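Welcome! Below are some short exercises, each with a worked solution, to help you find your way around a new structure. Have a look at the picture, then try each task before reading on.

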Amino acid sequence: MGRTMEWAASAEHLGGFPRRLVFTAVGAFAKAVASLLNSSYVHNADTLIRLVRSRPPGVPLITVSNHMSTLDDPLMWGFKGFPTFDANLGRWVLAAEDICFKNAFYSYIFRLGKCIPITRGGGIYQEHMNEALERLNDGAWLHTFPEGKVSQDDAPIRRLKWGTASLIVRAPLTPIVLPIVHHGFQKVMPEKFMFSRRPPLPLCNKRIDIIIGEPIEFDLPKMRQMAISQTRNKSFHINGWPCTSPDVLDEAAQRCLYATISEQIRTSMEILRNFRKSILKS
């Protein structure tokens, strides 16, 4: 299977003008909704801004967050002080193919907005995951919603899908991984507003909290060896995944490693979720 409109995602497409136009329009929308029509409170914004603007050359960045509405991205980048309009600094993001790429027009616009289509249930080795890996190899910033779908319940972070963990492991240069937890976008764009449908426009006068953590430390060499030792001589259901390099992890070891990394990310996100609650109580 080929890649959907990959040419439109190129920075060189028509001199980059369409991409800049989309980032300007979407950025203005995000700023208006997050900073003018609603009240956004951001904890530790400086860490995110610093990593977006001035991390070491060639080092990729992965931000991970919970997913509370269909407008989380781009609204979560609309807070004051964030370089929302800069198309070069802007994130790449994994986006649901069945929602954002349902026709040629949508596909073109979302591609200009640096979105990578992901097929739900397509597995962690689908072709567009390889495209995401290539963007990390370029030292880019990638945002993911590892829960895999929208949930508007104020509940603990759910078990994460393994796609993000697989990108962390497969990237030649280990990415910086920054956890983010937000609350309030489910009130700005509720799934069931009227007649069990979303409102036609974002709602106003809501409180939005964005809690940004610190980079998560992964001792990948040690974690790889543990995964190999824990799965040695054990039988697992096999889907035919390719072995990873440089450690030549078989599928059983990969499953163990991805589960361990995903749980570490989930735990970091849950700590941020509880930290937000403690702030509100104080």
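**Exercise 1.** Find out how strand 3 is joined to strand 5 and to strand 4, and which residues stand opposite each other.

*Solution.* Begin with strand 5: two bridges join strand 3 to it, and the two run parallel. Here strands are DSSP runs of E with at least two residues, helices are runs of H or I with at least four, and both are numbered from the N terminus. Two strands pair if DSSP finds at least two bridges between them. Val93 has His143 of strand 5 opposite. Next, turn to strand 4: its pairing with strand 3 is also in the parallel sense, over four bridges, and Leu94 has Ile116 as its bridge partner there.

This is a predicted model, in which local features need pLDDT of at least 70 and side-chain atom pairs count only at pLDDT 80 or more, while totals for chains, interfaces and linings use all residues. Residues are numbered from 1 along each chain as its sequence is written, and side-chain values use heavy atoms, with hydrogens and water left out.

**Exercise 2.** Decide whether the faces of strand 3 are covered or open.

*Solution.* In a regular strand the side chains alternate between the two faces of the sheet. On one side of strand 3 are Trp92, Leu94 and Ala96, on the other Val93 and Ala95, and all are buried, which leaves both faces covered. Buried means under 20% relative accessible area, exposed over 50%, and partly exposed in between, using a 1.4 Å probe and protein chains only. The count agrees: five of the five residues in strand 3 (residues 92-96) are buried.

**Exercise 3.** Place the strands in their sheet and find its edges.

*Solution.* The open sheet has seven strands in the order 1-7-6-2-5-3-4, with mixed pairing. Strand 1 (39-43) and strand 4 (115-118) stand at the edges; each has a single partner strand, so one side of each is left without a neighbour in the sheet. On average, neighbouring strands are turned by 25° against each other, direction ignored (axes are lines fitted to C-alpha atoms, for helices over the stretch in contact, and angles run from 0 to 180 degrees between N-to-C directions). Further inside the order, strand 2 (residues 61-65) and strand 5 (residues 141-144) run parallel and are joined by four bridges, with Val64 opposite Thr144.

**Exercise 4.** Find what is unusual about the peptide bond from Asp73 to Pro74, and whether Asp73 is buried or exposed.

*Solution.* Most residues other than glycine have a negative phi, and most peptide bonds are trans. The bond from Asp73 to Pro74 is cis, with omega near 25°. Asp73 lies in helix 3 (residues 72-75), and so does Pro74. With 15% relative accessibility, Asp73 counts as buried. The C-alpha atoms of Asp73 and Thr144 are separated by 9.9 Å, though the two are 71 residues apart along the chain.

**Exercise 5.** Look up phi for Leu14 and Phe195, and say where each residue sits.

*Solution.* Leu14 has a positive phi, near 50°. Leu14 is in the segment before helix 1 (17-37) and is exposed, at 63% relative accessibility. Phe195 also has a positive phi, near 55°. Phe195 belongs to the loop between helix 8 (185-188) and strand 7 (207-212), and is exposed with a relative accessible area of 74%.
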